[in-house]
Amino acid sequence: MDSQNSSKPLRVFSWIVPRSNSTVFTKCMSFVDDTEVWMEPYMACYMNETFYNPEWGVDMPGMIKLRAFMKELTEKEEFLELKKQEVEKVSKYENVWLQDQFRYPWVKKQLEVNPKDKKFVFIKDQAIAINDHLQYLPDVPTRHTFLIRHPQEVYPSFKNLRVNYHDSVKVSWDEIHLGEDMPQFPSKEMYRIQYNLWKHVKENIDPEAIIIDGFDLTSRPEVILPKLFKKLGIPYKDSYLQWESDPEVVYSSWKGSSDIVFTSSKTATSSRAVECSQFDPPKKPRGTSNPALKMTDELKEYVSHSMPYYEEMYANRLT
């Protein structure tokens, strides 16, 4: 499919699981000529329906615990300053909207708008966020990519993110259980959900949907990126392998909710990624987790449950 022959900008989705090097990939795409970047607009909608919805999960012990944690965090001086800066960013930049704005029908309309002087619109988002809302995909030409990563690498990293979400509020490793303490996020099922989305997309939307492994992307970007761009019809340059480290590029260009584009990127969630300037090669072999991160029972269960979905997608990845 040659996107250059289309009169409308081609939308390229990257459907991810967390901790798959997706934010680094998104920053790389920020420097691709004629490309507009969206940062998890559907996830912002999903969070408004669950986490930010006071009527959701009121009887769930995990949500009660999580909301108490977030209340403590949001009352910290450092976090209050972040939120103040967030509001200022919304006033300063047209690319960011307040979190409350994000609802599925609104996002669909926004993604159907043809930006001026752009040939491509890159949307990074989480598979879980669109899983039950496929009717809100934009009615415009789209291609779909799927970013995967070995569950043994992802789950300990995901738990570590939750443990170290913000320096001002610390919790212990053994205190956190992903499934119980983050009920708004289907941690155990996220690979199954991504797998099912891949199958649906291939059968109904984009028969040539592309799978990229995060390990391959970061260890061989000079090989994977040109092949990906060729399949998508995006002209490739070697200069795309390095970019500006200044995170202001992110804040002033990524389209999305103020909470995800700005505040979350200032936390452990993605602060390193928005300041990166290249794909850093992995420090450990594929499928190897950080030995300092203990494999608890729930992590072992989730890895085992996820492997069949990951392995089939891995076997069909871009190489």
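In this predicted model, a network of salt bridges links Lys83, Glu86 and Asp259. Side chains of opposite charge can pair when their charged atoms come close. A search of the whole structure finds 19 salt bridges, and a few of them make a good starting point for a first look.

One of these contacts joins aspartate 33 to lysine 237, whose side chains meet with a distance of 2.5 Å from N to O. Aspartate 33 sits in the loop between α1 (22–29) and β2 (35–39), while lysine 237 sits in the loop between α11 (221–232) and α12 (248–253), so this salt bridge ties together parts that are 204 residues apart in sequence. Aspartate 33 is partly exposed, because its relative accessible area is 34%, a value between the limits of 20% and 50%. Lysine 237 is likewise partly exposed, with a relative accessible area of 40%.

A second long-range link is found between glutamate 298 and lysine 159, which form a salt bridge with their closest N and O atoms 3.0 Å apart. Here the partners belong to helices: glutamate 298 to α15 (residues 297–315) and lysine 159 to α7 (residues 151–163), and 139 residues separate the two in the chain. Both glutamate 298 and lysine 159 are buried.

Another salt bridge pairs arginine 149 with glutamate 153, and the closest N and O atoms of this pair are 3.0 Å apart. Arginine 149 has a relative accessible area of 18% and is therefore buried, since the cut-off for a buried residue is under 20%. Glutamate 153 counts as buried too, at 8% relative accessibility.

Attention can now turn to the strands. Strand β5 (residues 142–148) pairs with β6 in the parallel sense, and four bridges connect the two. Within this pairing, isoleucine 148 stands opposite aspartate 213 of β6. The side chains of β6 (residues 210–213) are divided between two directions: Ile210 and Ile212 point one way, Ile211 and Asp213 point the other way, and all are buried.

The surface offers a further feature to look for. Glu77, Glu78, Glu81 and Glu88 gather there in a patch of negative charge. One member of this patch, glutamate 77, is found in helix α4 (residues 77–92). Glutamate 77 counts as exposed because its relative accessibility is 67%, and the limit for an exposed residue is over 50%.

Conventions
Residues numbered from 1 in each chain as written. Predicted model: local features only at pLDDT ≥ 70, side-chain atom pairs only at ≥ 80, totals over all residues. Heavy atoms only, no water. Patch = residues over 30% accessible without salt bridge, like charges linked within 9 Å, V, L, I, M, F, W, Y side chains within 5 Å. Areas by Shrake-Rupley, 256 points an atom, 1.4 Å probe, with all protein chains shown as cover. Salt bridge = Lys/Arg side-chain N within 4 Å of Asp/Glu carboxyl O. Lys, Arg positive; Asp, Glu negative; His and termini not counted. Charge placed at Lys NZ, Arg CZ, Asp CG, Glu CD. Buried < 20%, exposed > 50% of the residue type's maximum accessible area, 1.4 Å probe, protein only. Pairing = 2+ DSSP bridges.
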